[in-house]
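Colleague: Hi! Could you walk me through this one? I'd like to begin with the ligand.

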Amino acid sequence: MKEELSILIKAQYPLIYLVTPEEQRAEQAIARIARTETQHQQVFVWTMTQGMVECGNEQTNPDRNQARNSTRHNTVSPEAAIKWVIQHEQAGLFIFKDLHDFITDPGVKRALRDAIASFKGTEKIIILMSPLQEIPIELEKEVVVLDYPLPNMAELNKVLDRHLDKTKTSRITTEVREKLLRAALGLTKDEAEKVYRKAYVKAGRLTQEEVDIILSEKKQLIRRNGILEYIEEDETLDAIGGLDELKKWLRQRSNAFTERAREYGLPQPKGMLILGVPGCGKSLIAKTTSRLWGLPILRLDMGRVYDGSMVGRSEANLRNALKTAESISPAILFIDELDKSFAGGTGSADSDGGTSSRIFGSFLTWMQEKTSPVFVMATANRIERLPGEFLRKGRFDEIFFVDLPTQQEREEIFRIHLCKRRDDIARFDLPQLATMSDGFSGAEIEQAIIAAMYEAFAQDREFVQIDIIAALKATLPLSRTMMEQVTALREWARQRARPAATATAEYQRMEF
Ligand code: ATP
């Protein structure tokens with residue numbers, strides 16, 4: 001991406017919008033490009049507090065300083081600054097910081113368009129640098145948007161080296177170094193410096209244990225971003241009854257993101273869609289995969305991506321979230337209820353000014369083009385609400401269908417949930433419970449056990465088989481209240497999805 005910035009500058013794109021929260025780092029990179037890759041072009045920086053100031057060598061020439069001060073004075077207003085750029089006689093890169101606050105002003109918009117028109121053949125470039133992307137419609141066609149990437153391992157290595165120097169920390173092993181760097185991926189340079197400092201202050205050194213401190217700091221920072229949530233799951237795949245085919249698929253790919261898998265010539269898995277009846281363990285499967293694969297899992301909350309307060313804000317939210325996920329990859333990006341998240345994706349151009357179609361389009365493009373190892377795990381309950389584009393071959397590595405549990409699976413689910421709560425489960429007749437819970441989902445089985453426990457607890461006694469049976473009888477399972485929906489989903493899945501359980505597969509073959 002940094003090369004892309006240098007290509008755009010060398011190719012004389014007149015208006016570049018650089019989205020980044022890291023002003024200083026990006027400014028340094030631009031100055032470096034100007035110095036080494038162009039004909040030593042001048043770089044100017046505009047801020048609303050300082051006006052237009054030349055970047056670097058400020059202290060060298062007092063006359064120049066005087067001139068600069070008057071430039072500053074006259075160019076505090078964004079419109080005046082842009083006009084100053086138009087009149088400036090030499091080539092140069094003109095960085096405008098946080099112009100997004102002014103960009104909807106008619107005078108500023110007009111001045112920018114005038115500037116672009118006047119730049120032809122002048123080797124002048126305006127770079128708008130801001131943590132937010134706000135582009136008025138009039139400028140959409142003129143501007144090229146670039147996300148400035150977060151620091152990579154090599155850059156973080158420098159941050160860490162500086163920190164080790166400052167704290168006079170003795171040498172650390174290569175293994176610890178790699179862990180410390182990996183732990184800080186996804187943070188800005190300042191944030192990385194901060195977490196290294198904090199881990200050091202807390203522990204007085206930087207070793208293996210401090211990786212946990214850094215990781216927990218990172219979780220805090222990711223939480224603050226508000227759109228991605230770092231999920232921690234203690235359960236393993238064994239906490240899920242049935243779904244043997246799906247589990248096998250996941251176990252086979254436990255080491256899919258390792259160097260060894262790359263050397264073997266395997267492609268990185270892209271993602272999976274788990275389709276199925278509500279409460280049958282789809283989300284639980286996604287969360288436990290994180291432990292199985294040893295990768296962090298981030299939930300993308302699409303509800304928070306949408307932000308109607310400003311044009312372009314929702315797109316910027318999505319881009320930032322995906323960028324963060326990529327920067328801490330290999331990672332799992334979990335999207336629960338994909339059908340709800342993108343329900344309006346294809347047809348709501350009129351209802352929200354096209355935002356949901358654009359968000360949907362950006363997400364699909366990202367899925368298609370992503371090269372970083374972010375595995376997308378999505379779940380969905382309603383096939384008719386899911387835009388067809390998601391179901392096209394090749395979008396996901398596999399689409400699994402999770403049906404209601406069979407007799408044998410229900411027995412297993414009862415065993416799992418009873419074992420979690422009691423040691424002596426031999427007193428329960430599991431086959432009978434499984435028979436009595438025909439049509440129940442895993443979540444409903446768990447709820448029946450909890451209801452039975454409440455009942456017995458209220459009577460100050462231990463819960464027994466009959467309490468669970470009573471709770472089952474008192475429940476009308478979703479499969480009955482939503483019979484039509486479940487049948488439609490099964491029909492669809494029969495031909496297009498892979499069954500998550502062998503038993504479901506057999507059942508499906510029997511029917512046809
Ligand atoms: P929804 O579509 O409503 O989000 P879901 O299919 O994602 O539902 P989960 O949220 O994973 O279902 O299930 C809810 C809870 O039900 C789980 O946390 C787990 O305790 C229990 N559960 C569901 N299915 C199973 C299963 N196969 N084995 C064990 N527990 C299960």
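Modeller: Happy to! An oxygen atom of the ligand sits 2.6 Å from an N or O atom in the side chain of Glu446. Keep in mind that this is a predicted model.

Colleague: Which other side chain has an N or O atom 2.5 Å from an oxygen atom of the ligand?

Modeller: That is Ser283. There is a backbone partner to look at too: a polar backbone atom of Gly281 is 3.2 Å from a ligand oxygen atom.

Colleague: And how much of the ligand's accessible area does the protein cover?

Modeller: On its own the ligand has 630 Å² of accessible area, and the protein covers 81% of that.

Colleague: Nice. Which elements give two or more residues to the shell around it?

Modeller: Those are α12 (282-293), α17 (407-421) and α19 (442-458). In terms of domains, domain 3 (231-402) and domain 4 (407-438 + 442-476) each supply at least three residues of the shell.

Colleague: What classes of residue are in that shell?

Modeller: You'll find 8 nonpolar, 7 polar and 2 charged residues. Of the 17 around the ligand, the nearest are Gly241, Gly279, Lys282, Ser283 and Glu446.

Colleague: New topic: Asp339. Is that residue buried or exposed?

Modeller: Asp339 counts as buried, because its relative accessibility is 1% and the cut-off for buried is under 20%. You can find Asp339 in helix α15 (residues 338-341).

Colleague: What does its side chain pair with?

Modeller: A polar atom of the Asp339 side chain lies 2.7 Å from the backbone nitrogen of Arg382. Leaving out residues up to four places away in sequence, Asp339 also touches others, including Thr379, Arg385 and Leu386.

Key
Residues are numbered from 1 along each chain as its sequence is written. This is a predicted model: local features need pLDDT of at least 70, side-chain atom pairs count only at pLDDT 80 or more; totals for chains, interfaces and linings use all residues. Side-chain values use heavy atoms; hydrogens and water are left out. Helices (H or I, at least four residues) and strands (E, at least two) are DSSP runs, numbered from the N terminus. Buried means under 20% relative accessible area, exposed over 50%, partly exposed in between (1.4 Å probe, protein chains only). A polar contact is a pair of N or O atoms within 3.5 Å; within protein, one must be able to donate a hydrogen and the other to accept it, and residues adjacent in sequence count only if both atoms are side-chain atoms. Contact means heavy atoms within 4.5 Å. A residue is near a molecule or strand if one of its heavy atoms lies within 4 Å of it. Accessible areas come from the Shrake-Rupley method with a 1.4 Å probe; for residues, only the protein chains shown count as cover. Ala, Val, Leu, Ile, Met, Phe, Trp, Tyr, Cys and Pro count as nonpolar, Asp, Glu, Lys and Arg as charged, and the others, Gly among them, as polar. Domain bounds come from an automatic or database domain assignment.
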